[in-house]
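Subject: Structure for your review, with notes on what was found

Dear colleague,

I am handing over the structure below, together with a short account of what came out of the analysis. Please read the notes with the coordinates open beside them.

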Amino acid sequence: MSRQPEVLWAQRSDKVYLTVSLPDAKDVSVKCEKEGLFTFSAIGAQGEPFTFSLELYAAVAPEGCKTKIGLRNIICSIQKEEKGWWRRLLKSEEKPAPYLKVDWNKWCDEDEKPASEPGSDDDEATVRRYGDGDDESSDDGMLYLPDLEKARGNRG
């Protein structure tokens, strides 16, 4: 039986970043399709399979999508087809899957200018383009943008 790893997300006007928390992952496969379907699969350190699929809020540019495989996590940089701020991560308006969370360390508000592109905190990383991946999962959910002022006040 497949499991879902914790996935943190953040966005910029031109990109969405997904950080998959999966230490020592093997056989990582990421696929990013123009319509916004994102598929991930990997084998964990103990040999257990991890998979999930996300139907993203809007279309993406697969040729501009990259992944960095580090020792503790996998960072996926997904190029939006059109610049702009998404209201939420996923197309569906249903409650998000419990493994999807906002990455406050990489979050950037619409009116902020990012200092630099977020990267892995691992020294060694493998960079790969999306497009190769066969596994599919039906774990869809969505994540609303929280009331940012309220959320920031509650994170301590």
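Read from one end of the sequence to the other, the protein follows the pattern β-β-β-β-β-β-β-β-β-α, which amounts to nine strands and one helix. Please keep in mind throughout that this is a predicted model, and that the values below are computed from it.

To begin with the overall figures, the protein has 156 residues, of which 45% count as buried. Its accessible surface comes to about 8700 Å², and 45% of that area belongs to carbon and sulfur atoms. If one takes the contacts between residues at least 6 apart in sequence, 71% of them join residues at least 24 apart.

The largest nonpolar core has 32 residues, and those with the most contacts inside it are Leu18, Phe38, Phe40, Leu54, Leu56, Ile74 and Ile78. At least two residues of this core are supplied by each of β1 (6-11), β2 (15-21), β3 (26-32), β4, β5, β7 and β8.

Strand β7 (73-79) deserves a closer look, since several of the findings meet there. It is mostly covered, with six of its seven residues buried. On the one hand, β7 is joined to β2 by seven bridges, the two strands running antiparallel, and within this pairing Tyr17 has Ser77 of β7 as its bridge partner. On the other hand, β7 pairs with β6 over four bridges, again in the antiparallel sense, and here the bridge partner of Thr67 is Cys76 of β7. Strands β6 and β7 also form a hairpin, with three residues between them.

Turning to the aromatic residues, a pair of rings is described by the distance of the centres and the angle of the planes. With centres required to lie within 6.5 Å, the count comes to four aromatic pairs. In one of them, the rings of Phe38 and Phe52 have their centres 6.0 Å apart and their planes at 35°, so the pair is tilted. Because Phe38 lies in strand β4 (residues 37-43) and Phe52 in strand β5 (residues 49-55), this pair ties together parts that are 14 residues apart in sequence. Both Phe38 and Phe52 are buried.

Tyr57 and Trp86 form another tilted pair, at 6.0 Å centre to centre and with 45° between the planes. This pair links distant parts of the chain, with Tyr57 in the loop between β5 and β6 (66-69) and Trp86, 29 residues away, in the loop between β7 and β8 (100-102). The two partners differ in their burial: Trp86 has a relative accessible area of 5% and is therefore buried, whereas Tyr57, at 25% relative accessibility, counts as partly exposed.

Beyond these two pairs, Phe38, Phe40, Phe52 and Tyr99 are linked into a cluster by ring pairs. There is also a charged side chain placed over a ring, namely Lys80, which lies over the face of Trp85 at 5.6 Å from the ring centre.

Finally, which residue in the loop between β7 and β8 lies 9.7 Å from Tyr57, C-alpha to C-alpha? It is Glu93, which sits in that loop and is 36 residues from Tyr57 in sequence but 9.7 Å from it in space, C-alpha to C-alpha. With a relative accessible area of 53%, Glu93 is exposed.

With best regards

Conventions:
Residues numbered from 1 in each chain as written. Predicted model: local features only at pLDDT ≥ 70, side-chain atom pairs only at ≥ 80, totals over all residues. Heavy atoms only, no water. Phe/Tyr/Trp six-rings, centres within 6.5 Å; stacked < 30°, edge-to-face > 60°. Buried < 20%, exposed > 50% of the residue type's maximum accessible area, 1.4 Å probe, protein only. Lys NZ or Arg CZ within 6 Å of the ring centre and 35° of its normal. Contact = heavy atoms within 4.5 Å. Areas by Shrake-Rupley, 256 points an atom, 1.4 Å probe, with all protein chains shown as cover. Core = buried A, V, L, I, M, F, W, Y, C linked by side-chain atoms within 4.5 Å. Pairing = 2+ DSSP bridges.
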